[in-house]
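Trainee: I would like to go through this model by its side-chain pairs, its cores and one helix. Can we start with the terms?

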Amino acid sequence: MATLDAITRADVDAAEHAHEYAHGIGIEAYGLSPDIQATFAACGDGYSSGCRHGVIQAYFESRDAVTQSEVEALCQPFKSATASRWVLFQCVHGMGHGLTMYRGHDLRARSATATCSRTGGIASRVTAARSWKRDQCDDAASPRDHAAAHGHHMAMATFKAMDPADPLYPCSIMADRYLHACYQMQTSVMLNLNHGDMADAARSCERAPAQVRPVCFQSLGRDITSYTARDPQKSADMCDKAREPYRPACYFGAAKALVDWTATTESAFTFCRIVAAQPGGPTCYQALGEEIATLLATTPEREEQCLRAQEPQAVDACRRGAGIPPSR
């Protein structure tokens with residue numbers, strides 16, 4: 001990972017694909033040691049925890065068969081009261097990658113998607129909602145990373161990952177219950193097909209089913225941060241090109257992505273301050289609060305972070321996202 005850090009500092013192209021390279025490092029790391037806890041610690045938080053996702057992928061790839069109880073036990077070490085919610089988040093997300101690889105990347109495979117659904121039933125004191133784990137597992141079950149990072153696995157797949165004639169595919173063939181998680185990643189497919197044309201991707205999002213259009217624009221916000229190399233001002237400028245009804249969703253996705261890349265909040269606070277005066281600006285702080293709730297376990301820690309928003313409306317939005325009870 002230190003070598004990857006050095007390469008990305010010197011090579012813009014490598015930096016753009018650092019998450020995928022980190023996946024590859026995690027895959028190789030599991031081959032060196034099956035101690036997932038130790039390898040997770042060595043991977044660190046960088047590049048949206050791609051290394052950790054790769055570790056879980058490799059776990060599934062190494063197995064000829066896997067039971068539901070084994071799946072449920074996989075992230076158990078990260079569910080104690082003192083464990084990091086952030087690391088649990090990354091373990092469950094990696095499970096989505098691993099399960100879809102295990103099922104030949106066939107998103108229609110009931111055995112893969114149903115397993116994701118059942119992860120929501122894993123009792124845990126460190127996660128507030130059952131859907132949080134299910135959605136992170138489903139969220140990873142997209143073609144976003146497959147072609148770039150795992151081409152050697154794609155040769156085994158019979159499921160068509162992308163359809164040049166349909167920028168909404170594969171979400172367009174998924175059951176309604178999976179649309180939210182699917183559209184959280186769909187703009188990565190769109191931008192792959194249209195060679196990075198953000199305006200075209202925005203038009204495609206407007207063709208998505210009405211109930212998930214905001215989710216599609218959240219996905220666009222996430223991808224915008226990649227195309228701007230996570231520059232807060234450039235990301236804000238690009239989100240501002242979205243039509244006003246969907247601009248807050250773009251802010252939401254961008255803020256989350258800026259936290260996710262390094263598991264720190266500085267860039268996201270900068271971004272939210274830039275868009276604070278725009279319609280939907282408080283939405284940015286709510287997204288930031290949700291990320292803070294995953295990063296930090298205690299209410300005082302979350303409160304301290306949210307107070308950095310300074311403006312009362314922004315602080316309140318951050319506190320709502322972070323699950324901090326309203327002041328009396």
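Mentor: A salt bridge is a side-chain nitrogen of Lys or Arg within 4 Å of a carboxyl oxygen of Asp or Glu. The model is predicted, so local features need pLDDT of at least 70 and side-chain atom pairs count only at pLDDT 80 or more, while totals for chains, interfaces and linings use all residues. Residues are numbered from 1 along each chain as its sequence is written, and side-chain values use heavy atoms, with hydrogens and water left out.

Trainee: Which residue meets Glu303 in a salt bridge?

Mentor: Glu303 is in helix α20 and its partner is in helix α21, 16 residues apart. Helices are DSSP runs (H or I, at least four residues), numbered from the N terminus. The N to O distance is 3.0 Å, and the partner is Arg319.

Trainee: Is Arg319 buried or exposed?

Mentor: Buried means under 20% relative accessible area, exposed over 50%, and partly exposed in between, with a 1.4 Å probe and protein chains only. Arg319 has 10% relative accessibility, so Arg319 counts as buried.

Trainee: How far apart are the closest N and O atoms of Arg308 and Glu266?

Mentor: Arg308 lies in the loop between α20 (299–306) and α21 (312–321) and Glu266 in helix α18 (residues 266–275), so this salt bridge ties together parts that are 42 residues apart in sequence. Arg308 is partly exposed at 27%, and Glu266 is partly exposed at 45%. Their closest N and O atoms are separated by 2.7 Å.

Trainee: Which helix gives the largest share of the largest nonpolar core?

Mentor: A nonpolar core is a set of buried Ala, Val, Leu, Ile, Met, Phe, Trp, Tyr and Cys residues joined through side-chain atoms within 4.5 Å. The largest one has 55 residues, and Tyr183, Phe217, Phe271, Tyr285 and Leu288 touch the most other members. Eight of its residues, the largest share, come from residues 247–262, helix α17.

Trainee: Why is α17 described as largely enclosed?

Mentor: The helix has 16 residues and spans 24 Å from its first C-alpha to its last, close to the expected 22 Å. That expectation is 1.5 Å times one less than the number of residues. The helix is largely enclosed by the rest of the structure because its buried residues number 14 of the 16.

Trainee: What phi does Ala263 take?

Mentor: Ala263 comes just after α17. Its phi is positive, at about 60°.

Conventions
Helices (H or I, at least four residues) and strands (E, at least two) are DSSP runs, numbered from the N terminus.
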